[in-house]
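Visitor: Please take a close look at a single part of this structure, the surroundings of one ligand. I would like a connected account.

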Amino acid sequence: MTAIILDGKAVAARTEEELAARVARFKGATGGRTPILATILVGDDPASATYVKMKANACARVGMDSLRIELPASTTTDELLAQILALNRNPDVHGILLQHPVPAHINERACFDAISGHIDVDGVTSLGFGRMTMGESAYGSATPGGIMRLLAAYGIELPGKHAVVVGRSPILGKPMAMMLLNADCTVTICHSRTVNLPDLVKQADVVVGAVGKPAFIKAEWIKDGAVVVDAGYHPGGIGDIELAPLTHRVAAYTPVPGGVGPMTINTLIANCVDSAEKALEQKR
Ligand SMILES: NC(=O)C1=CN([C@@H]2O[C@H](COP(=O)(O)OP(=O)(O)OC[C@H]3O[C@@H](n4cnc5c(N)ncnc54)[C@H](OP(=O)(O)O)[C@@H]3O)[C@@H](O)[C@H]2O)C=CC1
Ligand SMILES: Nc1nc(=O)c2c([nH]1)NC[C@@H]1CN(c3ccc(C(=O)N[C@@H](CCC(=O)O)C(=O)O)cc3)C=[N+]21
């Protein structure tokens, strides 16, 4: 079987051309302003700094400005909340990305939930999660949202499929499960207290690895013909799924790198352009 490679890098690149055209139209309509994504990085974790930089670079590729806010690791919850509230009130800002994780002493959930819904382009608020889950309008979490867009780009049929999501984190596994449920999959959510993980994964028509442990999901757990989505990302281009032995016996798979990662960033940028266009329509 020749597997379809779910090439997130290529889909993201194609979408960027369309986004650049939309940004140009926005500039035309506003006398030269661009949509603006505000990124907030707290502390000095080098990996997080790299991801935030990649997001700012993606903004630049489509002609958008970004506003980079860097705060020391000693920032308090109240100080971070004050920054977010100021961005909410800034009419030039069309999206906020608060990079996860923030230092442990900060109440990350409170800070995520302080982001106004209309500029929650990374889809991290509780209200946005609830609205997405209920099928109401909201920006879904960017990584699972990007995965859904990638599956759609390749015409992967989801209704009736058994999707097994390994991981239940607030910005990845849990919203992923709800999006697949809304796409009419039968969904199993696995986590660290799951008993018999290999047996559950063996039932999957669609498996999503979102565990955060390199090559933790073994190739032998995955059935022939499955669709394999690896959301994991570890230094050295290793995902959460042992991928190499699978590439000839699954229906489709996301490579690491070049699969989910570029789609995450692309979804964030696309949502920000969307938010900017809505602001213009409503003269917000
Ligand atoms: N490419 C991209 O755009 C992105 C990639 N990532 C990557 O995705 C991965 C997951 O990230 P994230 O969701 O933030 O990670 P978290 O650490 O927040 O969540 C990991 C999840 O995996 C579960 N888990 C841990 N150990 C096991 C186990 N032994 N068996 C079954 N489940 C287990 C945890 O269960 P429990 O809830 O019980 O603790 C938890 O729900 C990471 O590799 C990260 O780098 C993340 C975001 C974006
Ligand atoms: N609020 C929040 N939202 C996030 O979406 C978020 C976050 N916090 N914290 C950290 C994770 C991680 N993350 C990645 C995004 C892109 C790549 C990516 O594009 N990776 C490239 C490879 C890049 C390289 O060359 O190293 C790829 O997979 O091809 C990876 C990881 C978003 N995250």
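Guide: What follows describes the shell around ligand 2 and then a helix pair that contributes to this shell. The model is a predicted one.

The domain assignment splits the protein into domain 1, residues 30-118, and domain 2, residues 142-261. Taken over C-alpha atoms, the centres of domain 1 and domain 2 are 28 Å apart. Both domains take part in surrounding ligand 2, each giving at least three residues to the shell.

That shell holds 19 residues, and the closest to ligand 2 are H100, P257, G258, G261 and T264. By class, 12 of the shell residues are nonpolar, 6 are polar and 1 is charged. At least two shell residues come from each of helix α2, strand β4 (95-98), helix α6 (142-153) and helix α9. The largest share belongs to α9, with 4 residues.

Two of these contributors, α2 and α9, also meet each other. Helix α2 covers residues 46-61 and helix α9 covers residues 260-281; their axes come within 10 Å and cross at roughly 55°. The angle lies outside the 65 to 115 degrees of a roughly perpendicular pair and is not under 35 degrees, and α2 and α9 are therefore oblique to each other. The crossing of α2 past α9 is right-handed. On the α2 side the contact is made by M54, K55, A58 and C59, and on the α9 side by I265, L268 and I269. Of the residues in this contact, 6 are nonpolar, none is polar and 1 is charged; the charged one is K55 of α2.

Terms used: Residues are numbered from 1 along each chain as its sequence is written. Chains are lettered from A and ligands numbered from 1 in the order in which they are written. This is a predicted model: local features need pLDDT of at least 70, side-chain atom pairs count only at pLDDT 80 or more; totals for chains, interfaces and linings use all residues. Axes are lines fitted to C-alpha atoms, for helices over the stretch in contact, and angles run from 0 to 180 degrees between N-to-C directions. Angles under 35 degrees count as roughly parallel, over 145 as roughly antiparallel, 65 to 115 as roughly perpendicular and the rest as oblique. A crossing is left-handed if the near helix is turned anticlockwise from the far one by less than a right angle, and right-handed if clockwise. Two residues are in contact if their C-beta atoms, placed from the backbone, lie within 7 Å. Domain bounds come from an automatic or database domain assignment. A residue is near a molecule or strand if its C-beta atom, placed from the backbone, lies within 6 Å of it.
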